[in-house]
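Biologist: Got a minute to go through this one with me? I'd like to start with a loop and then move on.

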Amino acid sequence: MKIDFEVQTEHGLYRDALYVDESTTDAEIEAMKQERVNNWIALVTAPPEPEPEYIEIDGVRYVKAD
């Protein structure tokens, strides 16, 4: 069974779908929805990763090793 859902958050509208069998309870479905929303919020609010430092040798850029 496919369940389409959307949740308005302070970070925007989240839309997704769950594919579950008919024995899945309403509580399990709601928990699955909340987990997906929480994961999405964590992704969109995560700070960006810093750009790596590069060095150039003979015209080729390499990521600088630590």
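Modeller: Sure. Keep in mind that this is a predicted model. Let's begin with T24, which sits in the loop between β2 and α1.

Biologist: Is T24 buried or exposed?

Modeller: T24 has a relative accessible area of 17%. The cut-off for buried is under 20%, so T24 counts as buried.

Biologist: And what does the side chain of T24 reach?

Modeller: The backbone oxygen of D21, at 3.0 Å.

Biologist: Next topic, aromatics. How many aromatic pairs does the structure hold?

Modeller: Two. One of them is F5 with Y14, a tilted pair with 6.1 Å centre to centre and 55° between the planes. F5 and Y14 are both buried.

Biologist: What about Y14 and W40?

Modeller: Y14 and W40 also form a tilted pair, at 5.3 Å centre to centre and 40° between the planes. This pair links distant parts of the chain, with Y14 in strand β2 (residues 12–19) and W40 in helix α1 (residues 26–45), 26 residues apart.

Biologist: Why is Y14 called buried?

Modeller: Because its relative accessible area is 10%, and buried means under 20%.

Biologist: Which residues do the ring pairs link into a cluster?

Modeller: F5, Y14 and W40.

Biologist: Any charge over a ring? What lies over the face of Y54?

Modeller: R61 does, at 3.9 Å from the ring centre.

Biologist: On to the surface. Which residues make the nonpolar patch?

Modeller: I55, I57, V60 and Y62 make a nonpolar surface patch of about 330 Å². Strands β3 and β4 are the elements that give two or more residues to the patch.

Biologist: Take I55. Where is it found, and how is its exposure classed?

Modeller: I55 is in strand β3. Its relative accessible area is 36%, which lies between the 20% and 50% cut-offs, so I55 is partly exposed.

Biologist: Last one, D58. Where is its place?

Modeller: D58 is in the loop between β3 (54–57) and β4 (60–63).

Biologist: What is the phi of D58?

Modeller: Near 50°, so positive, and in a residue other than glycine. Most residues other than glycine have a negative phi.

Biologist: Buried or exposed, that D58?

Modeller: Exposed, because its relative accessibility is 80% and the cut-off for exposed is over 50%.

Terms used. Residues are numbered from 1 along each chain as its sequence is written. This is a predicted model: local features need pLDDT of at least 70, side-chain atom pairs count only at pLDDT 80 or more; totals for chains, interfaces and linings use all residues. Side-chain values use heavy atoms; hydrogens and water are left out. Helices (H or I, at least four residues) and strands (E, at least two) are DSSP runs, numbered from the N terminus. Buried means under 20% relative accessible area, exposed over 50%, partly exposed in between (1.4 Å probe, protein chains only). Patches are made of residues with over 30% relative accessible area and no salt bridge: like charges are joined within 9 Å, nonpolar side chains (Val, Leu, Ile, Met, Phe, Trp, Tyr) within 5 Å. Accessible areas come from the Shrake-Rupley method with a 1.4 Å probe; for residues, only the protein chains shown count as cover. A salt bridge is a side-chain nitrogen of Lys or Arg within 4 Å of a carboxyl oxygen of Asp or Glu. Rings of Phe, Tyr and Trp (its six-membered ring) pair if their centres lie within 6.5 Å; planes under 30 degrees apart count as stacked, over 60 as edge-to-face and the rest as tilted. A charge sits over a ring if NZ of Lys or CZ of Arg is within 6 Å of the ring centre and within 35 degrees of the ring normal. A polar contact is a pair of N or O atoms within 3.5 Å; within protein, one must be able to donate a hydrogen and the other to accept it, and residues adjacent in sequence count only if both atoms are side-chain atoms.
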